[in-house]
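Colleague: Please take a close look at the cysteines for me, and then connect that to the rest. How many disulfides does the count come to?

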Amino acid sequence: MPLSIAVLPTPAPALLALLPAVLAHRHRVVPLALSGRELEVGVEALPEPAVARRLALVTGRRIRPVPLPAEDLAELLSAWYPEGRRQEVLSAPREAGPVGSAIQHVEVIVQRAQERRASDIHLEPAEEGLRVRYRIDGALRVDRVLPARMQDEVVSRIKILAGLDIAERRRPQDGRFRFLSPAGEVDIRVATLPSSRGEKAVLRLLDRGGSGGGLPFDLAALGLAGRDHTKLREALARPYGMILSTGPTGSGKTTTLYAALQALNAPDINIVTIEDPVEYELPGVCQTHVRPDIGYSFAHALRAMLRQDPDVIFVGEIRDAETAELAVRAALTGHLVLSTLHTNDAAGAAVRLVDLGVPPFLVGSALRLVIAQRLLRRICPACRIRAHPHATDAGWRGAGCPACHDIGYRGRIAVMETMPVSEPIANLIVRRADTAAIRKQARAEGMRTLRDAAHDAMNAGIVAAEEVYAET
């Protein structure tokens, strides 16, 4: 039944900000109410599918049309978007006012990030305006500075897309949205932070295939050497035990374990994950994200997960003693447990678990394999030259070219060390041996260290010497 204009109050500015005036007049549609991720819009006639998709893309919401009498719709358009008609007549959609400009800026910023293979976008309020920086192959680079007057509109537009409260600027907020552009579809995770100059927003591009400078979810493409790849496959074939991926933030630990989960994923295997947050959706895998604000921690989720009859458990990160002991005990009671840990190398993982309070005999019994890794920037193959033209060593660098945007690097490669937990290593763990003793035994058993793997990549002309010595 058509609604009556008499019962429609003037909407909040945040609701009108969802839909720019030009589109409202062009498609004869007005926003009426917002319920979760669904936006009710007043229309004279049901929109064409292409128009509905455009409205959904611009607003970041599912569209539910509500019929309105033609005269009422015209009156609302005139009252709520008084400038929109003039701009439409002038055929100047790129000058559609602050909201429209913000929409266009966000579209350009994200598309450019996709084209440059950025993993993150930083929008930072500065004295000169809103600074836009992209993290490309691990390094931040300034792309542009938007006028200061656009700062609030651009950040608000992103918050609208991510389902955040645009009126709340005093505390951090987190959300996500999916963005479709000519460069492809990408999931984007948004985090805002209040600062002295206004809100900063960081957008992480989750592109599923690793084209944003990360790694693909494929064991064969991770860069593991023959022995290391075999040892990982053997550990994954075990019905229980613990596999850990270690390294600093941003070293690709989670991506490596996602690739392992993909290799294990099958109709007869029950895989469940606990993450903070869920970054990539894996078909056929039950994924849950922690909510510390309501007491749903890694430990709480792990207890609940063990009642779900799992075969394989992925714990996004072991952060505390309770989670560590629960994960180790799960690995000893018929479950294959994969998780990440912050240590500098593979040998340090067992020591870290013991330091967290897990009894050494449990760690020695549960741990099957530890992978330590780093991500190094690849030399751009289109402009690779010898670092020293007359030298006889294998040093190479990128000269800079259009293919790499004059950076000299294009993409990243993982270098890894893989430590199977043999009986001698397990005995060292039980005796509370230090990291150096465990590393010595692992090397005696054939472990190639991170430095060894990095040097191999350097000698092959894949990475530059400066990358090797900076990261390993």
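Modeller: Happy to. A disulfide here is a pair of cysteine sulfur atoms within 2.5 Å. By this rule the count for this predicted model comes to zero. Cys 380 is in no disulfide, and its nearest cysteine sulfur, that of Cys 401, is 3.8 Å away. With a relative accessible area of 0%, Cys 380 is buried; buried means under 20% relative accessible area, exposed over 50%, and partly exposed in between, with a 1.4 Å probe and protein chains only. Cys 404 is likewise in no disulfide, the nearest cysteine sulfur being that of Cys 383, 3.8 Å away. Cys 404 also counts as buried, at 1% relative accessibility.

A word on the ground rules. Because the model is predicted, local features need pLDDT (the predictor's confidence in each residue, from 0 to 100) of at least 70 and side-chain atom pairs pLDDT 80 or more, while totals for chains, interfaces and linings use all residues. Residues are numbered from 1 along each chain as its sequence is written, and side-chain values use heavy atoms, without hydrogens and water.

From the cysteines it is a short step to Asp 406, which sits in the loop between strand E17 (396-398) and strand E18 (409-420); strands (E, at least two residues) and helices (H or I, at least four) are DSSP runs numbered from the N terminus. Asp 406 is exposed, with a relative accessible area of 59%. Its phi is positive, about 65°, although it is not a glycine. Asp 309 also has a positive phi, near 55°, and lies in the loop between helix H10 (298-305) and strand E13 (312-315). At 62% relative accessibility, Asp 309 counts as exposed. Another backbone feature is the cis peptide bond from Asp 276 to Pro 277, with omega near -10°. For context, most residues other than glycine have a negative phi, and most peptide bonds are trans.

Turning inward, a nonpolar core is a set of buried Ala, Val, Leu, Ile, Met, Phe, Trp, Tyr and Cys residues joined through side-chain atoms within 4.5 Å. The largest has 54 residues, and Met 242, Leu 244, Ile 318 and Met 419 have the most contacts inside it. Beyond four places in sequence, Met 419 is in contact (heavy atoms within 4.5 Å) with residues including Arg 368, Val 370, Ile 438 and Met 447. Apart from that core lies another of 28 residues, among them Ile 243, Tyr 258 and Leu 375.

Towards the N terminus, three strands form an open sheet in the order E1-E2-E3, with mixed pairing; two strands pair if DSSP finds at least two bridges between them. E1 (29-35) and E3 (62-67) stand at the edges with a single partner strand each, so one side of each has no neighbour in the sheet. From one strand to the next the twist averages 30°. E1 and E2 (residues 38-43) run antiparallel, joined by six bridges, and Pro 31 stands opposite Val 41 in E2. Helix H4 (residues 70-80) lies across E1 and E2, at about 80° to E1; axes are lines fitted to C-alpha atoms, for helices over the stretch in contact, with angles from 0 to 180 degrees between N-to-C directions.

Finally, confidence: the protein averages a pLDDT of 86, and 90% of the residues score at least 70. Over residues 85-98, though, the pLDDT is below 50.
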